[in-house]
Amino acid sequence: MSLFGQPDDALVALCRAELPYVTTAFEKLVRRYEPVVYRTCLRYLKSETDAEEATQDVFLRLFLKIGKFGGRASFKTWLFRVVANVCASRYRTLRRIKDQQQTYFEHLEFTGEESQSLDYLDLTDGPLANALDTLNADDREILILRHIAELSFLEISEVLGLKLSASKMRLYRAEQRLKAALTIQL
């Protein structure tokens, strides 16, 4: 039994039968997973506003595609694959926007015009966030899935499409690289 008394697979079955007209089961899934999805999005995107928007996108995609959920993996695994995809896409978009704005502000500085601050897109938030930013996307993803989304090794291996031993090794190596990055910054 899970939060709200019904297991995920029972709620998913109800969603598939009732949506889009009756949303009771879907609302239970949203209430159950919204906090951890939001925290995961916040860790990926480092902005409350972007995390809120990404969380909404995740649940909108879930609403639209839950009928196609095949059940080959657990619902939680499928959900966090959606979370990872939404966050990766939004991160790339934000990065592209930041790069374009940076280029624009460098042009303004070159031409002598005053530049404005990019504080609202500042992706640094302390030594841990800075260290995470030095890691590659694969390392960040597995660390976020394990320590922020709190997925099990089995769930991580399903989300990433890896064997269980490979996901454990990748996490171990990512944690070692994070420790090294932290010692450099401190």
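**An all-helix chain and its aromatic contacts**

From the N terminus on, the elements of the protein chain run α-α-α-α-α-α-α-α. The model is predicted. Its secondary structure comes to eight helices and zero strands. The protein chain has 186 residues, and buried residues make up 37% of them. The exposed area of the protein chain is about 11000 Å². Carbon and sulfur atoms supply 53% of that area. Contacts were also sorted by separation along the sequence. Among those between residues at least 6 apart, 62% join residues at least 24 apart.

Aromatic side chains were examined next. A pair of aromatic rings is described by the distance of the centres and the angle of the planes. The structure holds five aromatic pairs. One of them joins Y33 and F75. The ring centres of Y33 and F75 lie 5.7 Å apart, and the planes meet at 55°. This pair is tilted, because an angle counts as tilted when it is neither under 30 degrees nor over 60. Y33 belongs to helix α2 (residues 24-45), whereas F75 belongs to helix α4 (residues 75-111), so the pair ties together parts that are 42 residues apart in sequence. Both Y33 and F75 are buried.

F75 takes part in a further aromatic pair, with W78. This pair is tilted as well, with 6.1 Å centre to centre and 50° between the planes. F75 and W78 sit in helix α4, three residues apart, so about one helical turn separates them. The two residues were also assigned to burial classes. F75 has a relative accessibility of 4% and therefore counts as buried. W78 has a relative accessibility of 22%, so W78 counts as partly exposed; the cut-off for buried is under 20%. The pairs around F75 belong to a wider group. Y33, F69, F75 and W78 form one aromatic cluster.

Another aromatic ring, that of F153, has charged residues over its face. R146 lies over the face of F153, at 4.3 Å from the ring centre. K168 also lies over the face of F153, and its distance from the ring centre is 5.7 Å. F153 opens helix α7 (153-160).

The backbone was then checked for unusual geometry. Most residues other than glycine have a negative phi, and most peptide bonds are trans. The peptide bond from L19 to P20 is cis, with omega near 5°. P20 lies in the loop between α1 (8-18) and α2.

Positive phi values were found in loops too. K46 is not a glycine, yet its phi is positive, at about 60°. The loop between α2 and α3 (48-65) holds K46. K46 has a relative accessible area of 16% and so is buried. E150, likewise a residue other than glycine, has a positive phi near 60°. E150 is placed in the loop between α6 (137-148) and α7 (153-160). With 53% relative accessibility, E150 counts as exposed, because the cut-off for exposed is over 50%. In short, K46 is buried, whereas E150 is exposed.

Technical notes: Residues are numbered from 1 along each chain as its sequence is written. This is a predicted model: local features need pLDDT of at least 70, side-chain atom pairs count only at pLDDT 80 or more; totals for chains, interfaces and linings use all residues. Side-chain values use heavy atoms; hydrogens and water are left out. Helices (H or I, at least four residues) and strands (E, at least two) are DSSP runs, numbered from the N terminus. Buried means under 20% relative accessible area, exposed over 50%, partly exposed in between (1.4 Å probe, protein chains only). Contact means heavy atoms within 4.5 Å. Accessible areas come from the Shrake-Rupley method with a 1.4 Å probe; for residues, only the protein chains shown count as cover. Rings of Phe, Tyr and Trp (its six-membered ring) pair if their centres lie within 6.5 Å; planes under 30 degrees apart count as stacked, over 60 as edge-to-face and the rest as tilted. A charge sits over a ring if NZ of Lys or CZ of Arg is within 6 Å of the ring centre and within 35 degrees of the ring normal.
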